[in-house]
Amino acid sequence: MAALDATDFTALRHRMIEADLRGRGISDPRVLMAMAEVPREEFVPEALRDEAYDDRALPIGFHQTISQPFTVAFMLEALGLRSGDQVLEIGTGSGYAAAVMSQLVTTVHTVERIPELAQSAQRRLQRLGYRNVHVHVGDGSLGLAEYGPFDVIVVTAAAEVLPPEFAKQLADGGRMVLPLGDSYSQSLYRFTKDGERLVSEDLGGFMFVPLIGRHGRVR
Ligand code: SAM
């Protein structure tokens, strides 16, 4: 295969969609379309732009990462996003996943505990025109009760046990995807709310940074 120019981001994005996402089993056309539209190179540090379309997590400062493209696609596919959904994301990081979701749903509220990351994500999302994403600074392990209930909750940092507020803030019929486990072993879970019941499914092993907060790890 011919080498791609590291600055031809459109070609690199296309290769990511075909090889790393579709090629590894992601099939939701809406997720693939949204990830084909969001310029991931804008969400990574300047010095790492050439690596924006490598299928791995990259550092974004403050010991945090922008998640691997496959992981983002896998989580969004598992959520079955619909155009009318109100979404809560915990762990804004760079704002990349929020930007992808904003293409597919009505509103995304996203919470980040590190103010500097929240501010730069907010500025970036505004500059790029993602107007239906609202960035909040705070402890996302408490959810965001004042804007709930949410049709979808997605958590991009791992807690050891399910924070109780998430289930309360999920609408009936709502879907939630989050990693649970410690620094050595985590699984991604999907929870679906059915009246008072929360039905859980283990979607397999992944590794995330820890959720830090009242219902996460204590710093
Ligand atoms: N979704 C992000 C993106 O697209 O760049 C990747 C997020 S990164 C894997 C996880 C983020 O969760 C980090 O930015 C971290 O600071 C944040 N985080 C950890 N604990 C948190 C908490 N209690 N509330 C809000 N954010 C938290």
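## A small hairpin to start

In this predicted model, strands β1 and β2 form a hairpin with two residues between them, and F62 there takes a positive phi near 60 degrees. You can find β1 at residues 58-61 and β2 at residues 64-66.

How do the two strands of this hairpin pair, and over how many bridges? They run in the antiparallel sense, with three bridges joining them. One pair to look for is G61 with its bridge partner in β2, Q64.

## Two helices that pack together

Now move towards the start of the chain, to helix α1 (residues 9-21) and helix α2 (residues 29-37). Their axes are 9 Å apart, and the two helices pack at an angle of about 150 degrees. The crossing of α1 and α2 is right-handed.

Which residues make the contact? From α1 come R13, M16, I17 and L21, and from α2 come L32, M35, A36 and E37. Sorted by character, the residues of this contact are six nonpolar and two charged, with no polar ones.

## The open sheet

Next comes an open sheet built from seven strands. If you walk across it, you meet them in the order β5-β4-β3-β6-β7-β8-β9, and the pairing is mixed. Strands of a sheet pair through backbone hydrogen bonds, and they may do so in a parallel or an antiparallel way. Which strands sit at the edges? They are β5 (133-137) and β9 (197-205), each of which pairs on one side only. On average, neighbouring strands of the sheet are turned by 15 degrees against each other, direction ignored.

Take a look at β6 (residues 150-155) and β7 (residues 170-181) as one example: this pair is parallel and has four bridges. Here V152 stands opposite R175 in β7. Over on another part of the sheet, helix α5 (residues 115-128) lies across β4 (107-112) and β5. The helix α5 runs at about 165 degrees to β5.

## Around the ligand

Finally, let us visit the ligand. How many residues surround it? There are 28, and the closest are S94, E112, D139, G140 and I212.

Several polar atoms of the protein can be followed to nitrogen atoms of the ligand. In D139, one of the closest residues, a side-chain N or O atom is 3.0 Å from a ligand nitrogen. E89 places a polar side-chain atom 3.1 Å from a nitrogen atom of the ligand. G91 takes part through its backbone: one of its backbone N or O atoms lies 3.0 Å from a ligand nitrogen atom.

Note on methods: Residues are numbered from 1 along each chain as its sequence is written. This is a predicted model: local features need pLDDT of at least 70, side-chain atom pairs count only at pLDDT 80 or more; totals for chains, interfaces and linings use all residues. Side-chain values use heavy atoms; hydrogens and water are left out. Axes are lines fitted to C-alpha atoms, for helices over the stretch in contact, and angles run from 0 to 180 degrees between N-to-C directions. A crossing is left-handed if the near helix is turned anticlockwise from the far one by less than a right angle, and right-handed if clockwise. Contact means heavy atoms within 4.5 Å. Ala, Val, Leu, Ile, Met, Phe, Trp, Tyr, Cys and Pro count as nonpolar, Asp, Glu, Lys and Arg as charged, and the others, Gly among them, as polar. Two strands pair if DSSP finds at least two bridges between them. A residue is near a molecule or strand if one of its heavy atoms lies within 4 Å of it. A polar contact is a pair of N or O atoms within 3.5 Å; within protein, one must be able to donate a hydrogen and the other to accept it, and residues adjacent in sequence count only if both atoms are side-chain atoms.
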